[in-house]
Amino acid sequence: MDLMTFFGAACGIGVIVFVLSTGGMLQFLLNWEAIILIFGGTLGSVMISYPWAALKWTSSSFRIVLFPPKRPPIAEIIRVIVNLADIAKKQGLEAIASEIPRVPHPFLADACQMIVDGVDEHILNQRMEHDINTTRLRHQQQTNIFTSAGTFAPIFGLLGTLIGVVQVLRNIQNPAMMGSSMAIAMTASFYGIFSANFLFLPIASKLGYYSEEDILLREIIAKGVVSLHEGDVPWLVSKKLEGYLSLALRKKTRAFKK
């Protein structure tokens, strides 16, 4: 389990429960009308916005946030590719077939298998690029789903507030009904803002982080496999991959600063 997700959830929920209980508001928080409006309305909007082909991966996205996939470090991938280059240089490309079962990433294993099978370099490069683009698109779709949910939820919270205000005005002569109407108005805003900033948007951010990590790893593998197929010596393979990694990290840093 991702400990940062666990500690973050515990911290956020703990702070909110503490503030609400101190103010004596905790008993008024559970309002099923507001919960159904916010989460039901957000779900409906997301279903309108995205097809089932994208939505069916949402449960997997939740699991990734809680239990992130174990990926080998980039340094380990570079070391493995350099070792494959050394074997290929000494014994030929076919000799790397015995190393494929021990390769730490399935994308690298598939690419090495294509090399052993004698796939043309141009086709190999196309296949790897298509895989990277498909993976990037799938990750982006999942990130966009939760970003959209984080946009819709506060709007439904505002809608709940408006509904509550209308009910207050309709029952202005009935103080008992006014109280329940105001409860809907306030709790709807709470659930809308809370779900967006504590659930949907943080999930989108974490999915984006894992996506960038996965894509960079696949790009490093693709560069290394092409260099391996071209017959580069091990030290040159290492320098190429380290240079590409440094360039990618500098671009990421500049994008973050902007």
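## Helix 6, helix 7 and their neighbours

Reader: Which are the buried residues of helix 6?

Author: This is a predicted model, so every value here is computed from it. To count as buried, a residue must have under 20% relative accessible area. In helix 6, that description fits Phe107, Leu108, Ala109, Ala111, Cys112, Met114 and Ile115.

Reader: And which residue takes a positive phi just after helix 6?

Author: Look just past the end of helix 6, where the phi is about 80°. The residue with that positive phi is Gly118.

Reader: How do helix 6 and helix 7 lie relative to each other: roughly parallel or roughly antiparallel?

Author: The axes of helix 6 and helix 7 are 10 Å apart, and the two helices pack at an angle of about 160°. Angles over 145 degrees count as roughly antiparallel. Helix 6 is therefore, relative to helix 7, roughly antiparallel.

Reader: Is the crossing of helix 6 and helix 7 left-handed or right-handed, and which residues in helix 7 meet helix 6?

Author: Helix 6 passes helix 7 in a crossing that is right-handed. From the helix 6 side, Phe107, Ala111, Met114 and Ile115 take part. Their partners in helix 7 are Leu124, Arg127, Met128, Asp131 and Ile132.

Reader: Which residues of the largest nonpolar core touch the most other members?

Author: In soluble globular proteins, nonpolar side chains tend to be buried together. The largest nonpolar core here has 35 residues. Helices 5 (74-91), 6 (106-116), 7, 8 (175-229) and 9 (234-257) each supply at least two of its residues. The members that touch the most others are Ile96, Leu108, Met128, Ile220, Ile221, Val225 and Leu228.

Reader: Which residues does Val225 touch, not counting residues up to four places away in sequence?

Author: Val225 is one of the core members that touch the most others. Setting aside residues up to four places away, Val225 touches Leu108, Ala111, Ile115, Leu124 and Met128.

Reader: How many residues are in the other core?

Author: Another core lies apart from the largest one. Its members include Ile35, Ala54, Ala149 and Phe156. Its residue count is 22.

Reader: Are helix 2 and helix 7 roughly parallel or oblique to each other?

Author: The axes of helix 2 (residues 32-49) and helix 7 come within 8 Å and cross at roughly 135°. The crossing is right-handed. Among the residues that meet are Gly41, Thr42 and Ser45 in helix 2, with Ala149, Phe156 and Gly160 among those in helix 7. Since 135° lies outside the parallel, antiparallel and perpendicular ranges, helix 2 and helix 7 are therefore oblique.

Reader: What about helix 4 and helix 7: are they roughly parallel or roughly perpendicular to each other?

Author: The axes of helix 4 and helix 7 come within 10 Å and cross at roughly 90°. Thr58, Ser61 and Phe62 in helix 4 meet Gln142, Ile145 and Phe146 in helix 7. Angles of 65 to 115 degrees fall in one class, so helix 4 and helix 7 are roughly perpendicular.

Reader: Which side chain joins that of Ser148 in a polar contact?

Author: Ser148 is found in helix 7 (residues 121-170). With a relative accessible area of 15%, Ser148 is buried. A polar contact of 2.7 Å joins its side chain to that of Tyr50.

Reader: Arg71 catches my eye; which side chain joins that of Arg71 in a polar contact?

Author: Arg71 sits in the loop between helix 4 (58-66) and helix 5, and with a relative accessible area of 25% it is partly exposed. Leaving aside neighbours within four places in sequence, Arg71 is in contact with Tyr210, Glu213, Asp214 and Leu217. The polar contact, at 3.2 Å, is with the side chain of Glu213.

Reader: Does Val103 count as buried or exposed?

Author: Val103 is in the loop between helix 5 and helix 6. Not counting residues up to four places away, Val103 touches Leu108 and Ala109. The cut-off for burial is under 20%, so at 12% relative accessibility Val103 counts as buried.

Reader: Finally, by what distance are the C-alpha atoms of Ala10 and His130 separated?

Author: Ala10 is found in helix 1 (residues 3-22) and, at 43% relative accessibility, counts as partly exposed. Ala10 and His130 are 120 residues apart along the chain. Their C-alpha atoms are separated by 40 Å.

How values were computed:
Residues numbered from 1 in each chain as written. Predicted model: local features only at pLDDT ≥ 70, side-chain atom pairs only at ≥ 80, totals over all residues. Heavy atoms only, no water. Helix = DSSP H or I, 4+ residues; strand = E, 2+ residues; numbered from the N terminus. Buried < 20%, exposed > 50% of the residue type's maximum accessible area, 1.4 Å probe, protein only. Polar contact = N/O pair within 3.5 Å; in protein donor to acceptor, adjacent residues only side chain to side chain. Core = buried A, V, L, I, M, F, W, Y, C linked by side-chain atoms within 4.5 Å. Contact = heavy atoms within 4.5 Å. Axes fitted to C-alpha atoms, helices over the stretch in contact; angles between N-to-C directions. Parallel < 35°, antiparallel > 145°, perpendicular 65-115°, else oblique. Left-handed = near helix turned anticlockwise from the far one by under 90°.
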